[in-house]
There are 2 protein chains.
Amino acid sequence: MPAEAINTKDYLGKNKRLVEELLNQYLPSEDEGPESLHTAMRYSVLAGGKRLRPILALAAYEYCHGDLNGQDLPIHYAMAALEMVHTYSLIHDDLPCMDDDDLRRGILTCHKKFGEAIAILAGDALHDIAFNLMAMTNSIQAVKELAQALGTKGMIGGQMADVEAEGKDITEKEITRIHQRKTGALIRCSVRIGAILANADQVLLDELTTFGGKIGFAFQIIDDILDIEGDQKLLGKNVGSDSKKEKATYPKVVGLKQAHSKADRLIQDAIAIFDDYDDNILKNLAQYIAQRKK
Amino acid sequence: MPAEAINTKDYLGKNKRLVEELLNQYLPSEDEGPESLHTAMRYSVLAGGKRLRPILALAAYEYCHGDLNGQDLPIHYAMAALEMVHTYSLIHDDLPCMDDDDLRRGILTCHKKFGEAIAILAGDALHDIAFNLMAMTNSIQAVKELAQALGTKGMIGGQMADVEAEGKDITEKEITRIHQRKTGALIRCSVRIGAILANADQVLLDELTTFGGKIGFAFQIIDDILDIEGDQKLLGKNVGSDSKKEKATYPKVVGLKQAHSKADRLIQDAIAIFDDYDDNILKNLAQYIAQRKK
């Protein structure tokens with residue numbers, strides 16, 4: 001195994017543990033009221049997952065030489081916030097009137113386990129607590145970045161377009177726009193927030209924004225590919241569900257082979273943003289996204 | 001009609017128009033994509049309503065001598081944000097798995113008009129745009145206040161407890177806790193944000209916090225009373241629905257007569273916070289809440 005691969009695996013393992021600790025710390029306890037809601041929130045957030053968004057934020061922060069000394073750092077609040085909004089979006093997307101999924105991260109979806117009312121409120125509460133955490137960074141810019149990435153020009157707009165595209169024939173341009181918003185916006189925002197909290201200058205921020213946009217788009221294409229080729233056990237969710245729901249996916253629009261080469265090209269373009277000799281964890285994370293099986 | 005009453009009516013009328021203008025300006029256009037989502041958001045937000053929360057924020061801001069010169073003032077962003085989160089909460093509360101209401105502000109509820117998927121996403125998007133607007137005040141404290149008022153210790157916690165209390169016998173202490181969170185927290189937060197944006201000192205902020213807490217609690221008791229005694233046409237929603245759903249309400253727990261006197265006492269206590277000779281619009285708004293028929 002090349003040194004680089006070990007390095008990435010260690011980095012992911014170490015920081016996945018950090019994210020779990022932060023989430024556990026910042027989520028309200030199940031012993032505090034409203035117990036049922038806190039239990040549902042913790043169930044969905046602490047169910048595992050790659051924790052990619054907070055890890056990308058941290059990697060961007062480190063790349064921009066952000067300070068990592070001390071406890072309760074702004075970047076830590078931001079990392080927890082990013083994973084919480086991601087989980088909120090999954091809980092709402094899984095609802096019967098949306099994607100109607102029963103399985104997520106290998107366990108029952110929130111509404112299957114706790115009922116729809118609690119699932120909707122748990123999502124709302126995570127959405128909210130994420131903004132409180134992001135405000136605790138004391139960076140008004142970070143709060144704005146998050147709100148804009150989640151809004152109708154970002155994630156929610158993408159989810160809406162995704163629901164509306166079901167069963168329809170759409171173009172490559174349209175599926176690109178859906179993916180860039182549905183998944184790409186939050187991933188790009190994670191990278192940007194890491195850079196912003198590290199006080200990156202505009203040139204660096206622009207570079208990382210391009211990087212984040214490319215890996216975010218690639219991530220969703222690979223997600224679509226895994227729904228066709230993936231291993232249900234590894235993924236922790238049902239495969240073949242996109243096709244069953246007649247969802248608009250990248251492989252459906254351009255074919256599986258083209259989808260693979262598009263994802264590869266995006267990852268190569270993302271990596272090319274950095275100097276050839278500049279070995280860094282962001283490059284490695286882009287490669288991890290390209291090779292992921294879950 | 002006494003001079004004071006005319007004054008309040010004019011103040012409410014003028015500032016309701018201001019709120020409508022701000023909402024119209026800050027909501028995304030129906031012509032921009034995703035059109036269906038923007039249409040649903042505008043439908044629910046622009047359906048009328050008392051606009052009490054933004055007007056209270058403005059009144060508190062004025063009471064604390066906040067600057068009103070210029071366009072696109074921080075207080076204007078905050079006012080629009082407060083009304084948008086209020087509407088988001090109504091859209092989600094009206095859903096079939098929650099209160100299952102068909103009528104709101106005299107028209108069909110969002111999910112009855114546009115379906116559940118769009119209603120959930122429209123609520124999510126309003127929740128989100130509200131944080132973007134609040135961040136545009138450039139006051140990180142205002143963002144934190146909003147997030148905390150909406151969270152599991154505030155509005156969502158109250159809504160959860162409200163759903164769980166249906167069909168159960170609860171105590172006066174419990175219904176008080178539900179009301180203080182479900183409705184009280186956002187009303188108190190509106191008053192506090194007005195004061196914070198006007199740079200009020202701590203003594204004044206504490207006074208207004210007590211005032212906001214009392215009128216917020218009174219507001220929900222009167223809401224419960226109007227569901228029994230109110231005029232359906234004036235209210236724009238079905239009356240008797242609390243009793244049909246076996247909801248825990250203040251009149252149900254302590255009796256109608258006691259509920260009336262509790263609301264009166266809270267409003268008198270709220271007014272008593274101000275000096276006897278200090279005629280101000282906050283006093284008048286408290287009286288308006290006590291006398292409201294819708």
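# How the terms apply to this predicted dimer model

Author: In chain A, which has 294 residues, 51% of the residues are buried, a term for residues with 20 or more other C-beta atoms within 10 Å of their own, whereas 12 or fewer make a residue exposed and counts in between make it partly exposed, the C-beta atoms being placed from the backbone. Residues are numbered from 1 along each chain as its sequence is written, while chains are lettered from A, and ligands numbered from 1, in the order in which they are written. The model is predicted, so local features need pLDDT of at least 70 and side-chain atom pairs count only at pLDDT 80 or more, although totals for chains, interfaces and linings use all residues.

Reader: How do you know what confidence the predictor has in chain A, and what is its mean pLDDT?

Author: On the pLDDT scale, which gives the predictor's confidence in each residue from 0 to 100, chain A has a mean of 92, and 98% of its residues reach 70 or more. For the complex, the predictor gives an ipTM of 0.93 and a pTM of 0.94.

Reader: What makes up chain A, in helices and strands?

Author: Chain A holds 15 helices and two strands, where helices (H or I, at least four residues) and strands (E, at least two) are DSSP runs numbered from the N terminus. Its radius of gyration, taken over C-alpha atoms, is 18 Å, and the globule rule (2.2 Å times the number of residues to the power 0.38) gives 19 Å for 294 residues; the two values are close, so chain A is as compact as a globular protein of that length. Along its principal axes, the C-alpha trace of chain A spans about 50 × 45 × 40 Å.

Reader: How do you know whether α4(A) is enclosed or open, and how many of its residues are buried?

Author: Of the 20 residues of α4(A), 20 are buried, and therefore this helix is largely enclosed by the rest of the structure. The length of α4 (residues 74-93) of chain A can be checked too: the expected span, 1.5 Å times one less than the number of residues, is 28 Å, and the end C-alpha atoms are 29 Å apart, which agrees.

Reader: Why is D128(A) called buried?

Author: D128(A) has 26 C-beta neighbours inside 10 Å, and the cut-off is met, so D128(A) counts as buried. This residue sits in helix α6 (residues 116-135) of chain A. Leaving aside neighbours within four places in sequence, D128(A) is in contact (C-beta atoms, placed from the backbone, within 7 Å) with A147(B), L150(B), G151(B) and I156(B).

Reader: Why is T209(A) put in another class, and how many other C-beta atoms lie within 10 Å of T209(A)?

Author: There are 16 other C-beta atoms within 10 Å of T209(A), and T209(A) is therefore partly exposed. T209(A) belongs to helix α10 (residues 202-229) of chain A, and, not counting residues up to four places away in sequence, T209(A) touches R188(A) and R192(A).

Reader: What makes R105(A) notable in its phi?

Author: Most residues other than glycine have a negative phi, and most peptide bonds are trans. R105(A) is not a glycine, yet its phi is positive, at about 50 degrees; R105(A) lies in the loop between β1 (103-104) and β2 (107-108) of chain A. A cis peptide bond joins G33(A) and P34(A), with omega about -10 degrees, and P34(A) has its place in the loop between α1 (3-26) and α2 (35-45) of chain A.

Reader: How many residues does each chain give to the contact between chain A and chain B?

Author: Chain B gives 37 residues and chain A gives 37 residues. On the side of chain B that touches chain A, the largest share, 12 residues, comes from α6(B). The residues of that side divide into 21 nonpolar, 11 polar and five charged, where Ala, Val, Leu, Ile, Met, Phe, Trp, Tyr, Cys and Pro count as nonpolar, Asp, Glu, Lys and Arg as charged, and the others, Gly among them, as polar. Of the interface residues of chain B, 100% are also interface residues in chain A, so the copies meet through the same surface.

Reader: What rotation superposes chain B on chain A?

Author: With copies superposed by least squares on the C-alpha atoms of residues with pLDDT of at least 70 in both, a rotation of 180 degrees with 0.0 Å of shift along its axis brings chain B onto chain A, at an RMSD of 0.0 Å. That is the relation of a two-fold axis. In chain B, the C-alpha nearest the axis belongs to I140(B), 3.0 Å from it.

Key:
Two residues are in contact if their C-beta atoms, placed from the backbone, lie within 7 Å.
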